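Student: I would like to learn how to read pockets and helix packing in a model. Where do we begin?

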Amino acid sequence: MRVEINKESYKKLQRRFPWVYKNEIVNFPECNAGDIVDLVYRDEYVATAFFNPLSKISARVINFEKTKITKDFFKKRIEKAIKKRENILSNSYRLIHSEADLLPGLIVDKYGDNLVMSFTTAGMDNLKGIIVEILIELLKPKGIYEKGDKVRIKEGLEVVNQTLYGNVDDEFIIEENNKKFLTYLKEGQKTGFFLDQRKNRKIIGEYGDKKTLDLFANAGGFGIYANAKYTKFVEISALACSQIEKNCELNNLKNYEIVRMDVFKFLEKEKEIYDLIIIDPPAFAKNKKARNGAIKGWKYLIVNSLKLLEDGGYLALFSCSHSITSKDLLDLALSSSIIDNSNLEVIEFLKQDIDHPYVLSVPNSLYLTGILLRKWK
């Protein structure tokens, strides 16, 4: 089946951008959500893609060269993704990262012998059985679990959570950089743990050794890596707070406090001074419409955190939204430092770890950006 695209889309595809939006489609064929089509411009073949007339992103490129899309095609793609991650020193990592591995809509995380995966496009969901077969052939896992993702709704799919193969552990101990973290594979956010912050946890952990404040702490990763004389974790989720408690025990952290509270309310009342503060919130801006509100939220967090940061202390900022860039974080940090009457020095620029690839032709694949700053009066 052929789908005609306009000139604007053609130019983007020539630069290997993998998405075609609904308003860039010249003719809409009668097809089912997730069908595989050839994208053409003035009768010239451009790419092969999953097509979904229900989605704002109507086409997602599978390949830029004309080829048969078979089980063997996907097997070779998955083999390449596995090979790219051979040298990761952890028992848990992202195995397949959607468009960044040329497998749009497929997320697979490996936790030892467990695989936890999400199918976020109709095209990949149609191939669920084949993908599971390939993963069993290549990795021989103990079990495979599908974690529901709300983005499926935009593709006309139901949100499902189910075991696809074997038996999956309810709890699993992640081992990375001599640290241990308990995670619940069938509960919690993402596919169980924020694997994308592995490298950043290690980097941030080298700064600040007196009092650490870990805001939006989730499972406590940053605060535990810091290994300070005293650490305070602030997290609103009861499940995450129980994880923090167990992870502190696993890593023999002694002097710590877990505060179950909304971070914004916590910052209204807090008076203690810290030498390391980490701000790693959930995505405030999942789209451009939410950007203005996200900027205001970020400004509040930074201004009030600077009040609690000692002279010479470190402030780590992380945005997991493509709509809030590192430049935005720098601008917010600068305007906040003026209010605080202090100076901020950039120590590190940070991004997601290499098992979550950033591919230049896919700008949205750089979704996690971070900055480590030092405050001077």
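Tutor: With residue classes: Ala, Val, Leu, Ile, Met, Phe, Trp, Tyr, Cys and Pro count as nonpolar, Asp, Glu, Lys and Arg as charged, and the others, Gly among them, as polar. This is a predicted model, where local features need pLDDT of at least 70 and side-chain atom pairs pLDDT 80 or more, while totals for chains, interfaces and linings use all residues. Residues are numbered from 1 along each chain as its sequence is written, and side-chain values use heavy atoms, without hydrogens and water.

Student: What volume does the second largest pocket have?

Tutor: Rolling a probe the size of a water molecule over the atoms shows where empty space is left. On a 1 Å grid over the protein atoms alone, a pocket is an open set of points where a 1.4 Å probe fits, with protein on both sides within 12 Å along at least five of seven lines; lining residues have an atom within 4 Å of a point. Points are joined across faces, edges and corners, and the volume is the space filled by probe spheres set on them. The second largest pocket has about 260 Å³. Of its 14 lining residues, R77, E99, A100, D101 and L102 are the closest to the centre. The lining has seven nonpolar, one polar and six charged residues.

Student: How is the packing of helix 2 and helix 4 described?

Tutor: Two packed helices are described by the angle between their axes and the distance between the axes. Helices are DSSP runs (H or I, at least four residues), numbered from the N terminus; axes are lines fitted to C-alpha atoms over the stretch in contact, with angles from 0 to 180 degrees between N-to-C directions. Helix 2 (residues 71-84) and helix 4 (residues 128-139) pack at about 50°, axes 10 Å apart. They are therefore oblique to each other (not under 35, over 145 or 65 to 115 degrees).

Student: And which residues of helix 2 make the contact?

Tutor: With contact meaning heavy atoms within 4.5 Å, K71, F74, K75, I78, E79 and I82 of helix 2 take part.

Note on methods:
Helix = DSSP H or I, 4+ residues; strand = E, 2+ residues; numbered from the N terminus.
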